Amino acid sequence: MALLLTPTSGGAEAWRHALITAMPDLDVRVWPDVGKRADIEIAAVGAPPASALRDLPNLRLIISLTAGIDALLRDPDLPDVPISRSGDPAGDTMMNETALLHVLRHHRFMPDYQAAQQRREWIKLPIKAAHERRVGVMGLGPIGMAAAKMLFAAGFQVAGWVRNPRPGDGVEIFSGARYLAAFLARSEIVVNLLPLTPETRGILNAQTFAALPAGAAIINLGRGEHIVEADLIAALDSGHLAAATLDVFPVEPLPGDSPLWRHPKITVMPHVARRLVPMELAPRVRDIIETFRAGRPLALLVDRKRGY
Ligand code: NDP
């Protein structure tokens, strides 16, 4: 039995090498060199081309190498086998760094100071301590929860918005659509770490922006399709929102004619929130395979109906 690898960032050879190092007996086939299709039992996928997993009669498990699985679930030919994600259930340190970086940047008005420097203007904006700043994290999955806890540890007042209530360990929990407005109303800096699902597509829109306090900042680390771009630009232009940092876009690379590039209140980051490290992820892939083969429950099993 073999594993089919559709590589993601880092390159095919690095992923193949990491998987073989973690599982020396594994027969790894790198897409599109599938070989005999009936041999494939497991697929470890980055961003697989549509239909890449079709016609694999003995496929039993798909392991996603990326946290976001929206593109995978959109594949009309996706085989009906369990899908597991492979990230660390305790979160991702690079995503923590990214969340902290951008929260601090907005917390201490760096975009305003950079613009003032261009104008050679000596301005002083009111300085708040972290404990006086309310940060809201949308989505407390493995990455979102770790980022929220780290922001809490850095001293911020942190709330999270989720579907189902749970203990927050210092993070104030708002759950369900009913409490979204209350969550937004208390959040001066919003970090989006939701998965892209039919329910969350376009969730950052004119209505949600209006529910934020005046002067709020948005940091989008989730997916580009979470934001209604025209509504974001309108909310920034009206002055209601102060700034936005976007790491993800519906079309990547961001097209040259996008108005986001030159908007004075928007920071464009070219989807660089983190780097996947094949040598770190490969042992997780091995553990998932072993767990699956032993018939034990998978910790990061995707619920297709829910979309994450
Ligand atoms: P998940 O993708 O597993 O997201 C799950 C969280 O979102 C849960 O807390 C869930 O609530 C909440 N959620 C889902 N739907 C809703 C809804 N309709 N209303 C309220 N809450 C909802 O979490 P991760 O932390 O692992 O990843 C977050 C996302 O970050 C990924 O999906 C990916 O798109 C993105 N990402 C971006 C990267 C980048 O480079 N910019 C890198 C890595 C990830 P509940 O707990 O109640 O089920």
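In this predicted model, the cover over the buried residues of helix H9 includes strand S1 (2-6), helix H1 (12-22), strand S3 (40-45), strand S4 (61-64) and strand S5 (83-85). The residues of H9 that end up buried are Pro-278, Leu-281, Ala-282, Val-285, Ile-288, Ile-289, Thr-291 and Phe-292. H9 itself runs over residues 278-293, 16 residues in total. From first C-alpha to last, H9 reaches 22 Å, close to the 22 Å expected at 1.5 Å a residue. After H9 comes Gly-295, with a positive phi near 75°.

Then there are the backbone oddities. Most residues other than glycine have a negative phi, and most peptide bonds are trans. Two peptide bonds leading into prolines go the other way. The bond from Trp-31 to Pro-32 is cis, with omega near 10°, and Pro-32 sits in the loop between strand S2 (27-30) and S3. Glu-252 and Pro-253 are likewise joined by a cis peptide bond, here with omega about -5°; Pro-253 belongs to the loop between strand S11 (241-246) and strand S12 (266-268).

Positive phi turns up away from glycine, too. Asp-55 is not a glycine, yet its phi is positive at about 60°. Its place is the loop between S3 and S4, and with a relative accessible area of 55% Asp-55 counts as exposed, since the cut-off for that is over 50%. Phe-109, again not a glycine, has a positive phi of about 55°. This residue falls in the loop between helix H3 (93-107) and helix H4 (110-118). At 23% relative accessibility, Phe-109 is partly exposed rather than buried, because buried would call for under 20%.

That leaves the ligand. It is surrounded by 29 residues, the closest being Arg-85, Ile-143, Asn-164, Arg-166 and Tyr-308. By class, this shell holds 14 nonpolar, eight polar and seven charged residues. Some polar contacts can be picked out. A backbone N or O atom of Leu-140 lies 2.8 Å from an oxygen atom of the ligand, and a polar backbone atom of Leu-221 is 3.0 Å from a ligand nitrogen atom. On the side-chain front, an N or O atom of Arg-223 is 3.5 Å from an oxygen atom of the ligand. Overall, the protein covers 94% of the 930 Å² of accessible area that the ligand has on its own. Helix H5 (142-153) and strand S7 (157-162) are the elements giving two or more residues to the shell around the ligand, and H5 gives the most, with three.

Terms used:
Residues numbered from 1 in each chain as written. Predicted model: local features only at pLDDT ≥ 70, side-chain atom pairs only at ≥ 80, totals over all residues. Heavy atoms only, no water. Helix = DSSP H or I, 4+ residues; strand = E, 2+ residues; numbered from the N terminus. Expected span 1.5 Å × (residues − 1). Buried < 20%, exposed > 50% of the residue type's maximum accessible area, 1.4 Å probe, protein only. Contact = heavy atoms within 4.5 Å. Near = heavy atom within 4 Å. Polar contact = N/O pair within 3.5 Å; in protein donor to acceptor, adjacent residues only side chain to side chain. Areas by Shrake-Rupley, 256 points an atom, 1.4 Å probe, with all protein chains shown as cover. Nonpolar A, V, L, I, M, F, W, Y, C, P; charged D, E, K, R; others polar.
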